[in-house]
Amino acid sequence: MNSGANRKFDSEQLLEQYKLYVEMADRISQRRDQSNRLYASLLTALVALLLVFTRLDLSTEIGTVVLLVDGISGILLSTVWFVNLQSYSTLNKVKFTIINDLESRLPAQGYSTEEELLRQSNGWFGYRRLTAVEQLAPVVFSLPFCVLIAYSLCSLI
């Protein structure tokens, strides 16, 4: 009996494997999108919570601590979001490496060709991978929380 490494697959099996992998890559992208929405919603909720607390006297020590905790929570959540995006990026890179390998044995190489054409794209800014652009969101979201922490610490001193 042949080992798994020596088996030869026919083109129909290869195509089915390819389609399955493309579908799995799409599902990863959908999960990443849902994750982004969750993090953005949670960070927005922290800002909304801050607006609720502005009705309190924030000049007191308790008010300052509330601001500090809110700021630290926002930074931590933004950091977790950023790390999560990096994990999705790594997972997608591996998935598309496998997709490109499977594709190389098919008559047409749509993803490989698309990737090459995007690399050649010059446009205003050239092509930027979505993940690279996407990773700016948690950084931008964290900025107000950094200001909040700095303000809180200065108020406590």
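The legends below describe several close-up views of one predicted model.

**View 1. Helix H1 and the elements that cover its buried residues.**
Helix H1 runs over residues 11-53, and its end C-alpha atoms are 63 Å apart, which agrees with the span of 63 Å that its 43 residues should have at 1.5 Å a residue. The buried residues of H1 are Leu14, Tyr18, Val22, Ala25, Ile28, Arg32, Ser35, Asn36, Tyr39, Leu43, Leu46 and Leu50. What covers these buried residues includes H2, helix H3 (110-120), H4 and helix H5 (136-156). Two of the names in that list return in later views: Arg32, one of the buried residues of H1, in the view of a salt bridge to H4, and Tyr39, also among them, in the view of a ring cluster.

**View 2. A salt bridge within helix H1, between Glu16 and Lys19.**
Side chains of opposite charge can pair when their charged atoms come close. Glu16 forms a salt bridge with Lys19, and the closest N and O atoms of the two are 3.3 Å apart. Both residues lie in helix H1, where they are three residues apart, about one turn of the helix. Glu16 is partly exposed, with a relative accessible area of 44%, and Lys19 also counts as partly exposed, at 43% relative accessibility.

**View 3. A salt bridge from helix H1 to helix H4, between Arg32 and Glu134.**
In this view the side chains of Arg32 and Glu134 meet in a salt bridge, with a distance of 3.1 Å from N to O. The pair links distant parts of the chain, since Arg32 belongs to helix H1 and Glu134 to helix H4 (residues 130-134), 102 residues apart. Arg32 is buried, with a relative accessible area of 7%, and Glu134 is buried as well, with a relative accessible area of 13%. The structure has five salt bridges by the rule applied here, and another of them joins the side chains of Asp101 and Arg105 at 2.8 Å, N to O; Asp101 counts as partly exposed, at 43% relative accessibility.

**View 4. Lys95 in helix H2, a buried charge without a salt bridge.**
Which side chain of opposite charge is nearest to Lys95? It is that of Glu23, which is 12 Å away, and Lys95 is buried yet has no salt bridge. A salt bridge needs the nitrogen and the carboxyl oxygen within 4 Å, and the distance to Glu23 is 12 Å. Lys95 lies in helix H2 (residues 61-103), and, when residues up to four places away in sequence are not counted, Lys95 touches Tyr21, Met24, Ala25 and Ile28. Of these neighbours, Ala25 and Ile28 are listed among the buried residues of H1.

**View 5. Aromatic rings between helices.**
A pair of aromatic rings is described by the distance of the centres and the angle of the planes. A search of the whole structure finds three such aromatic pairs. Trp81 and Phe141 form a tilted pair, with 5.6 Å from centre to centre and 55° between the planes. Because Trp81 lies in helix H2 and Phe141 in helix H5, this pair ties together parts that are 60 residues apart in sequence. Trp81 is buried, with a relative accessible area of 3%, whereas Phe141 is partly exposed, with a relative accessible area of 28%. The rings of Phe96 and Tyr111 have their centres 5.2 Å apart and their planes at 65°, so this pair is edge-to-face. Phe96 in helix H2 and Tyr111 in helix H3 are 15 residues apart, and their pair links distant parts of the chain. Phe96 is partly exposed, with a relative accessible area of 26%, as is Tyr111, with a relative accessible area of 28%. Ring pairs also link Tyr39, Trp81 and Phe141 into a cluster.

**View 6. Leu49 of helix H1 beside Asp70, and the cysteines.**
Leu49 has its place in helix H1 and is partly exposed, with a relative accessible area of 38%. The C-alpha atoms of Leu49 and Asp70 are separated by 8.2 Å, while the two residues are 21 residues apart along the chain. For the cysteines, the structure holds zero disulfides. Cys146 counts as partly exposed, at 38% relative accessibility, whereas Cys154 counts as exposed, at 60% relative accessibility.

Conventions: Residues numbered from 1 in each chain as written. Predicted model: local features only at pLDDT ≥ 70, side-chain atom pairs only at ≥ 80, totals over all residues. Heavy atoms only, no water. Disulfide = S-S within 2.5 Å. Buried < 20%, exposed > 50% of the residue type's maximum accessible area, 1.4 Å probe, protein only. Helix = DSSP H or I, 4+ residues; strand = E, 2+ residues; numbered from the N terminus. Lys, Arg positive; Asp, Glu negative; His and termini not counted. Contact = heavy atoms within 4.5 Å. Expected span 1.5 Å × (residues − 1). Phe/Tyr/Trp six-rings, centres within 6.5 Å; stacked < 30°, edge-to-face > 60°.
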